[in-house]
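Visitor: I have a new model open in front of me and I'd like to learn how to read it. Could you walk me through it, feature by feature?

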Amino acid sequence: MIKYNLKCENNHEFESWFSDSKDFDKLKKKNLIECIFCQTKKVEKSIMAPRVANLKLQNNQKKIPQLKIKKFKKDLQNLRKFVEKNFEYVDNNFANKVREVYYDKKSKKNIYGSTTEEEREELKEEGIDLMSIPWVEKDN
Ligand SMILES: [Zn+2]
């Protein structure tokens with residue numbers, strides 16, 4: 001099994017598992033891959049962390065030295081480790097759990113998980129602003 005970060009034409013990012021590296025291309029050819037948020041079939045493989053680096057590249061028109069990207073990745077891996085250690089993973093139930101924590105002032109739980117854009121907007125309207133962080137792969 002192999003996990004890919006996928007990105008659709010509307011910049012939605014999500015993770016998906018495939019049996020092997022050829023599986024993605026096979027399924028894509030058959031139009032069986034679609035965005036979990038907007039159902040478009042225009043989905044490509046992406047890596048979340050370098051997206052930030054690429055943005056920087058576009059703005060500055062300068063090359064970021066390879067070394068810096070490595071350090072950057074390390075920082076993000078540390079951030080991920082920190083979140084995994086100190087936060088409770090609630091997966092797709094995130095939006096509901098966030099409300100629970102937000103409205104129950106006694107509980108001060110740190111949680112993380114994923115939301116759809118829609119849920120994110122709803123939460124924002126309720127005054128709950130979420131922070132998203134780039135989620136990098138762990139080094140094997
Ligand atoms: Zn999408």
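Visitor: How many helices and strands does the protein have?

Guide: Keep in mind that this is a predicted model. The protein has five strands and five helices. If you follow the chain from its start, the pattern reads β-β-α-β-α-α-β-α-β-α.

Visitor: What is the mean pLDDT of the protein?

Guide: The mean pLDDT is 76, and 78% of the residues reach 70 or more. Now look at residues 48-61, where the pLDDT is below 50. Beyond near neighbours in sequence, that stretch still has 16 contacts in the model. A word of caution goes with that: where pLDDT is low, the predicted coordinates should not be read in detail.

Visitor: Fair enough. Let's turn to the strands. Which strands form the open sheet, and in what order?

Guide: The general idea comes first: strands of a sheet pair through backbone hydrogen bonds, either parallel or antiparallel. In this structure, three strands form an open sheet in the order S2-S1-S3, and the pairing is antiparallel. S2 and S3 stand at the edges with a single partner strand each, so each has one side without a neighbour in the sheet. From one strand to the next, the twist averages 45°.

Visitor: How many bridges join S1 and S2?

Guide: Six bridges, with the two strands paired in the antiparallel sense. You can pick out some of the partners yourself. Tyr-4 has Ser-16 of S2 as its bridge partner, and for Asn-5 the partner in S2 is Glu-15.

Visitor: Asn-5 sounds like a good one to click on. What else can I read there?

Guide: Asn-5 lies in strand S1. It has 19 other C-beta atoms within 10 Å, so Asn-5 is classed as partly exposed; a buried residue would need 20 or more. You can also check a distance: the C-alpha atoms of Asn-5 and Trp-17 are separated by 9.0 Å, and these residues are 12 apart along the chain.

Visitor: And Ile-2: which residues is it in contact with, leaving aside neighbours within four places in sequence?

Guide: Those contacts of Ile-2 are Phe-18, Asp-20 and Ser-21. Ile-2 lies in strand S1 too. Its C-alpha atom and that of Phe-18 are separated by 5.3 Å, although the two residues are 16 apart along the chain. Ile-2 counts as exposed because it has 12 C-beta neighbours inside 10 Å.

Visitor: Now the turn between those strands. How many residues lie between the strands in the hairpin of S1 and S2?

Guide: There are four residues between the strands of that hairpin, and Asn-11 takes a positive phi near 65° there. Asn-11 is worth a look, since it has this positive phi although it is not a glycine. You'll find Asn-11 in the loop between strand S1 (2-8) and strand S2 (13-18). With 12 C-beta neighbours inside 10 Å, Asn-11 counts as exposed.

Visitor: Where does Gln-39 lie?

Guide: Go to the loop between helix H1 (21-29) and strand S3 (43-46). Gln-39 is not a glycine either, yet it has a positive phi of about 65°. Gln-39 is exposed, with 8 other C-beta atoms within 10 Å.

Visitor: On to burial. What share of the 140 residues is buried?

Guide: Buried residues make up 7% of the 140. Helix H4 (residues 94-103) lets you see some of them: its buried residues are Phe-94, Ala-95 and Val-98. Looking down the axis of H4, they fall within an arc of 95°, so they line one face of the helix.

Visitor: What do the buried residues of H4 pack against?

Guide: They pack against strand S4 (88-91), strand S5 (111-113) and helix H5 (117-125).

Visitor: How many of the nine residues of H5 are buried?

Guide: Zero, so to speak a bare helix: H5 is hardly covered. Just after H5, look for Gly-127, which takes a positive phi of about 90°.

Visitor: One last thing. What percentage of the contacts with a separation of 6 or more joins residues 24 or more positions apart?

Guide: In this protein, such residues account for 48% of those contacts.

How values were computed
Residues are numbered from 1 along each chain as its sequence is written. This is a predicted model: local features need pLDDT of at least 70, side-chain atom pairs count only at pLDDT 80 or more; totals for chains, interfaces and linings use all residues. Two strands pair if DSSP finds at least two bridges between them. Two residues are in contact if their C-beta atoms, placed from the backbone, lie within 7 Å. Axes are lines fitted to C-alpha atoms, for helices over the stretch in contact, and angles run from 0 to 180 degrees between N-to-C directions. The arc is that of the directions from the helix axis to the C-beta atoms. pLDDT is the predictor's confidence in each residue, from 0 to 100.
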